[in-house]
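Trainee: I have a model open in the viewer and would like to go through it with you. Could we start with charged pairs and then work outwards to the domains and helices?

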Amino acid sequence: MAVELDVFVGNTTIMDEEVYQLWLDGYTVNDAVKVRMEGGVLEEFEASADVLLSDTMDQYRTFQMCERLLHSPAKLANQLLFQIPPHRQAILIERYYAFDDAFVREVLGKKLSKGTKKDLDDISAKTSVTLKSCRRQFDNFKRVFKVVEELKGPLVENIRQHFLLSDKLARDYAAIVFFANNRFETGKRKLQYLTFQDFAFCAGQLINSWTIGAVDNMVEDMDVDLDKEFLQELKELKILITDKDLLDQHKSLVCTALRGKTKAFNEMEANFKNLSRGLVNIAAKLTNTKDVRDFFIDLVEKFIEPCRSDRWTASDMRLYLTHYTNSAHILDTFKHQVVWDRYMGVIKSCIFKMYHD
């Protein structure tokens, strides 16, 4: 009885990047073969369909064997089973930890738990990302979260060193970890216009300025937990809206600076007190966990939506917030400039990013 064997002999592990991407995207072997055939690989290499199937199966087996090493990327460099050049290792790792923006947008801010994992079927159907790929991405988020949870030092650097990711991807994972830890609400209808990259940018601002790590760079969870002392100090800013003289003085300074510089001046003057109350009240409530979670909703409802309904341009927004922030420094009896600048620096950056005029 004749037995047919397919034998691949070699030293360097052969990995086709296109096949690797198909495996990552959750394609079955047969579906991957179809995609490769449609791409003209048979004509390019003058190969038969059987050889293509055999090659695809072989590469899928290799990827599956590599997968446990990819869970701890440093092990990939130190193992002897697969002879993979360093530049190719970097590609394998980076692509394994890459994710679909549509998928991450659905889980951003949710607890990385079994409860969320049960929803992956629905997320897969909604985003058209295969269930297998959704599971890989979710498990990657969870793995990174668990590893960096107890580490001291900067979050982005810890992710970069432990998972050997590029700086950009490490920063994106830092945002995912930060949102999962603080459980920021991102799923409400009013926030649907914001992309993952919008939120990732805001996460970077919050991490750099409002976390414990902004004042002490060698504590656990330094870039994950918000600085509670700072959040407490934010209550002091309420004087800007509870002291009538200060509120009137602040309005007068801002309006004097804005007059003649924008078509939206009348609306800015009329709404000054409401807008100021909105921003200061957001600050004063951040000691409550629920209000931290609602931070982005509050920014949209209390500030961005009123400005949008008055047809402010992005330039109007930038002009207003710049003078609003700077004018507080001229107020005679306002003594909380350091806290104010730390707060408004982040608020301005986030609103500029979130305001799509």
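Trainee: Happy to begin. Which residue meets Lys 190 in a salt bridge?

Mentor: Keep in mind that this is a predicted model. The side chain of Lys 190 comes to 3.5 Å, N to O, from its partner, which falls within the 4 Å cut-off for a salt bridge. The partner is Glu 305.

Trainee: How many residues apart in sequence are Lys 190 and Glu 305?

Mentor: Lys 190 is in the loop between α12 (167-182) and α13 (196-210), while Glu 305 is in helix α19 (residues 295-309). The pair therefore links distant parts of the chain. Lys 190 is partly exposed at 32% relative accessible area, and Glu 305 is partly exposed at 28%. Their separation in sequence is 115 residues.

Trainee: Where does that leave the domains? How many salt bridges does the rule find across the interface of domain 2 and domain 3?

Mentor: The chain is divided into domain 1 (17-97), domain 2 (101-191) and domain 3 (228-354). Eight residues of domain 2 are in contact with nine residues of domain 3, and the rule also finds two residue pairs in polar contact across this interface. For salt bridges across the interface, the number is two.

Trainee: What is the area buried between domain 2 and domain 3?

Mentor: The centres of the two domains, taken over C-alpha atoms, are separated by 31 Å. Carbon and sulfur atoms give 68% of the area buried between domain 2 and domain 3. That area is about 800 Å².

Trainee: Which residues of domain 2 lose the most area to domain 3?

Mentor: Three residues together account for 56% of what the domain 2 side buries. One of them is the residue we began with, in a salt bridge with Glu 305. The three are Phe 184, Lys 190 and Leu 191.

Trainee: Back to charges, then. Which residue forms a salt bridge with Asp 16?

Mentor: A search of the whole structure finds 20 salt bridges. In the one with Asp 16, the closest N and O atoms are 3.8 Å apart. Asp 16 sits in the segment before α1 (17-24), and its partner is in helix α2 (residues 29-38), 20 residues apart. The partner is Arg 36.

Trainee: Is Arg 36 buried or exposed?

Mentor: Arg 36 is linked with Asp 16 and Asp 55 in a network of salt bridges. Asp 16 counts as partly exposed, at 26% relative accessibility. Arg 36 has 5% relative accessibility, and because the limit is under 20%, Arg 36 counts as buried.

Trainee: Which residue meets Glu 17 in a salt bridge?

Mentor: The N to O distance is 3.1 Å in this pair. Glu 17 lies in helix α1 and its partner in helix α6 (residues 86-97), so the pair ties together parts that are 78 residues apart in sequence. Glu 17 is partly exposed at 29%, and its partner counts as partly exposed at 27%. That partner is Arg 95.

Trainee: Now a polar contact. Which side chain does Thr 262 join through a polar contact of 2.7 Å?

Mentor: Thr 262 is in the loop between α16 (244-258) and α17 (265-284), and is buried with a relative accessible area of 13%. Leaving out residues up to four places away in sequence, Thr 262 touches Met 268, Asp 316 and Leu 319. The polar contact joins the side chain of Thr 262 to that of Asp 316.

Trainee: On to helices. How many of the 16 residues of α12 are buried?

Mentor: The end C-alpha atoms of α12 are 22 Å apart, which agrees with the span its residues should have at 1.5 Å a residue. Among its buried residues are Leu 169, Asp 172, Tyr 173, Phe 178 and Asn 182. The helix is largely enclosed by the rest of the structure, because the number of buried residues is twelve.

Trainee: What phi does Arg 183 take just after α12?

Mentor: Arg 183 follows directly on the helix, and its phi is positive. The value is about 55°.

Trainee: Last one: how far does helix α21 reach from its first C-alpha to its last?

Mentor: Helix α21 (residues 337-354) has 18 residues, and at 1.5 Å a residue 26 Å is expected. Its buried residues include Trp 340, Tyr 343 and Cys 350. The reach is close to the expected span, at 25 Å.

How values were computed. Residues are numbered from 1 along each chain as its sequence is written. This is a predicted model: local features need pLDDT of at least 70, side-chain atom pairs count only at pLDDT 80 or more; totals for chains, interfaces and linings use all residues. Side-chain values use heavy atoms; hydrogens and water are left out. Helices (H or I, at least four residues) and strands (E, at least two) are DSSP runs, numbered from the N terminus. Buried means under 20% relative accessible area, exposed over 50%, partly exposed in between (1.4 Å probe, protein chains only). The expected span of a helix is 1.5 Å times one less than its number of residues. Domain bounds come from an automatic or database domain assignment. Contact means heavy atoms within 4.5 Å. Buried area is the accessible area (1.4 Å probe) that two parts lose on being put together, summed over both. A polar contact is a pair of N or O atoms within 3.5 Å; within protein, one must be able to donate a hydrogen and the other to accept it, and residues adjacent in sequence count only if both atoms are side-chain atoms.
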